[in-house]
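Here is a brisk report on a single protein chain. Its fold, its core and the confidence behind them are taken in turn.

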Amino acid sequence: MTTQCKICSKRQSRANPLASCTACKATYHRACGQITDPIFNAILNDAIEWKCLQCRRTSSRVSGTFLPSTSQRKLSSNPTNETSTPTPDVSNIAKLEQTINSLANELQTIKSQQSVINTSIDKFSNGLKDLQLITKTLGEHDRRLETAFQVGLFTNKQCTI
Ligand SMILES: [Zn+2]
Ligand SMILES: [Zn+2]
């Protein structure tokens, strides 16, 4: 194994082991590859597939680094949870239908009440017409009575004197 660091060209030692990129197979010291401790240990234990900074820049969004893959999983799992909850909406629609039905019933009762009111208004207006007729005829009677009274008064005066 004559592997050496791609950055500093030094070989690996016990204190400074080398981690290899899964894409370009280049090897890096922890500090040279700008790798954090937990990730570096995971690379050495073959726990993860790691890509160096250059490979990550050239072919972004390929699995290999810890944080992007887990955050992508979280991002993709949330919308599916939101879209898989249309069941409460159905019950809401049923409730809406119920309220609409009750409103329609109320409207019908209001309409029937209005028809009753309309007939009573018709009766009232008819009664008013009758009253107007009566007052007219009464007025005529009054005038006749007045003239009769004036004549009568005259005769009455004559009578009393
Ligand atoms: Zn190095
Ligand atoms: Zn690489």
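Of the 161 residues of the protein chain, 7% count as buried. The model is predicted. Its elements are 4 helices and 2 strands, arranged from the N terminus as β-β-α-α-α-α. Among contacts in the chain with a separation of 6 or more, 36% join residues 24 or more positions apart.

The largest nonpolar core holds 7 residues: L18, A19, C21, Y28, I43, W50 and C52. One of these, I43, touches A19, I48 and W50 once neighbours within four places in sequence are set aside.

Confidence varies along the chain. Mean pLDDT is 80, and 75% of the residues reach 70 or more. Strand β2 (residues 27-29) scores highest, at 96. Helix α3 (residues 66-83) scores lowest, at a mean of 48. Over residues 62-74, pLDDT stays under 50. That stretch has 11 contacts beyond four places in sequence in the model. Where pLDDT is low, predicted coordinates should not be read in detail.

Two non-glycine residues have positive phi:

| Residue | Phi | Place |
|---|---|---|
| S9 | about 65° | segment before β1 (18-20) |
| K25 | near 65° | loop between β1 and β2 |

Are these two buried or exposed? S9 counts as exposed because it has 8 C-beta neighbours inside 10 Å, and the cut-off for exposed is 12 or fewer. K25 has 11 other C-beta atoms within 10 Å, so K25 is exposed as well.

How values were computed:
Residues are numbered from 1 along each chain as its sequence is written. Chains are lettered from A and ligands numbered from 1 in the order in which they are written. This is a predicted model: local features need pLDDT of at least 70, side-chain atom pairs count only at pLDDT 80 or more; totals for chains, interfaces and linings use all residues. pLDDT is the predictor's confidence in each residue, from 0 to 100. Two residues are in contact if their C-beta atoms, placed from the backbone, lie within 7 Å. A residue is buried if 20 or more other C-beta atoms lie within 10 Å of its own, exposed if 12 or fewer, and partly exposed in between; C-beta atoms are placed from the backbone. A nonpolar core is a set of buried Ala, Val, Leu, Ile, Met, Phe, Trp, Tyr and Cys residues joined through C-beta atoms within 7 Å.
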